[in-house]
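Good morning, everyone. Please have the structure up on your screens. I will go through it piece by piece.

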Amino acid sequence: MKNNSWLTNKYIAHRGLFDNKLIPENSIAAFEKAVENKFAIEMDVQMTKDGVLVVFHDDDMFRMTGLKGDIREKTYDEIKDFRLLETDERIPTFQQFLECINGRTQLVIEIKHHKNIGSVEEKVLDFLAGYTGEYCIESFNPLIVRWFKVHAPNIIRGQLSYDFKDTGFSPFRKKMLANLWLCKWNGSQFIAYDQATVDANKAVQKYRKKMPVVCWTVKSQQRLDYLEKYCDNVIFDSFLPERRDTID
């Protein structure tokens, strides 16, 4: 397994360092800004209808592009020219993202939920095979984390989670996911948990004795200060944290 010490000693910029005004989230400009400020980067990977990996968070494209529809149901040619929040930034492909970063900082690569597990993961793995920088994989879907345990056990992998109260899941499923019952089975090597409820979740603190816990998404210095006793690092946006991490 690769060294994961950076997961606990370098603050992680959520979707790059963005303001969603001049610099949109998950844009090349946001990623360059994060590198410039010596932060690690969290970002999101999805796949278009014709099999192109792109860096984009939402399923629906409207908030960021004004284009209605699920990005997973669009071809890359249909979306590649749309501007992010009326800036000059476009939706990057995963390849463009990796070429942009080129090992200059560490990456937290979130694979969004999708059908046919293995389809996106295999393409991600192909691109990462030639990438020499430091990175890890995370997902809300325990089956995706499990896929990497089975097919690429050398890649650091983590379970994303929260209380799931805003979902239509059954009470049993909510409890199972919120309390991380599948983390041993899927080989999680870190936990990324919602900052809003991490302090009340005993399962997270139990896992913290065995592996790093990273809180998402922290939006103020006051909140970061409070959470230091409940997690080992933070994924942040909306402010610049005081540098108490190790920057290189």
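**A walk through the fold**

Let me start with one side chain. L98 is buried, because its relative accessible area is 7%, and buried means under 20%. L98 sits in helix α5. Setting aside residues up to four places away in sequence, L98 touches L107, F127, L128 and Y131. Now look across to G168. L98 and G168 are 70 residues apart along the chain. Their C-alpha atoms are separated by 35 Å.

One caution before I go on. This is a predicted model. Please keep that in mind for every value I quote.

Stay on helix α5, which covers residues 94-101. I101 belongs to this helix too. Is I101 buried or exposed? I101 is buried, since its relative accessible area is 0%. What does I101 touch, not counting residues up to four places away in sequence? The list is F31, V35, I41, L107 and Y131. Take F31 from that list. I101 and F31 are 70 residues apart along the chain, yet their C-alpha atoms are separated by 7.5 Å. Compare that with the pair I opened with. L98 and G168 have that sequence separation of 70 residues, with 35 Å between their C-alpha atoms.

Now the core. The largest nonpolar core has 68 residues. Which of them touch the most other members? The answer is F94, F97, V124 and L128. L128 you have met already, as a contact of L98. F97 deserves a closer look. Leave aside its neighbours within four places in sequence, and F97 is in contact with I28, F31, I41, M43, V55 and L107. There is also a second, separate core, of 10 residues. Among its members are M61, I71, L84 and I91.

Some of these names keep coming back. L107 is a contact of F97, of I101 and of L98. Y131 is touched by I101 and by L98. F31 and I41 are contacts of F97 and of I101.

Next, helix α2. This one covers residues 28-36. E32 lies in it. With 32% relative accessibility, E32 counts as partly exposed, because the partly exposed range runs from 20% to 50%. Beyond residues up to four places away in sequence, E32 touches C100 and R104. From E32 to R104 is 72 residues in sequence. In space, C-alpha to C-alpha, the two are 9.8 Å apart.

Just ahead of helix α2 there is a loop, running from β1, residues 12-14, to α2. Two residues there have backbone angles to check. R15 is in this loop. R15 is not a glycine, but has a positive phi of about 60°. N20 is in the loop between β1 and α2 as well. N20 is not a glycine either, and has a positive phi of about 55°. How do their accessibilities read? R15 counts as buried, because its relative accessibility is 11%. N20 has 26%, so N20 counts as partly exposed.

Now a loop further along the chain, between α8, residues 171-178, and β7, residues 190-194. S188 is found there. Its relative accessibility is 7%, so S188 counts as buried. Not counting residues up to four places away in sequence, S188 touches V145, R157, G158, Q159, C183 and M211. S188 and I137 are 51 residues apart along the chain. Their C-alpha atoms are separated by 9.9 Å.

Let me step back to the whole protein. How many helices and strands does the protein have? There are 10 helices and 9 strands. The C-alpha trace spans about 45 × 40 × 35 Å along its principal axes. The radius of gyration is 17 Å. A compact globule of 248 residues would have one near 18 Å, so the two agree. Buried residues make up 54% of the 248.

Contacts next. Take those between residues at least 6 apart in sequence. Of these, 57% join residues at least 24 apart.

Last, surface and charge. The accessible surface comes to about 11800 Å². Carbon and sulfur atoms account for 51% of that. The protein has 36 positive and 36 negative charges. How far apart are their mean positions? They are 7 Å apart.

That is my tour. Questions, please.

Conventions. Residues numbered from 1 in each chain as written. Predicted model: local features only at pLDDT ≥ 70, side-chain atom pairs only at ≥ 80, totals over all residues. Heavy atoms only, no water. Core = buried A, V, L, I, M, F, W, Y, C linked by side-chain atoms within 4.5 Å. Buried < 20%, exposed > 50% of the residue type's maximum accessible area, 1.4 Å probe, protein only. Contact = heavy atoms within 4.5 Å. Helix = DSSP H or I, 4+ residues; strand = E, 2+ residues; numbered from the N terminus. Rg over C-alpha atoms; globule rule 2.2 N^0.38 Å. Areas by Shrake-Rupley, 256 points an atom, 1.4 Å probe, with all protein chains shown as cover. Lys, Arg positive; Asp, Glu negative; His and termini not counted. Charge placed at Lys NZ, Arg CZ, Asp CG, Glu CD.
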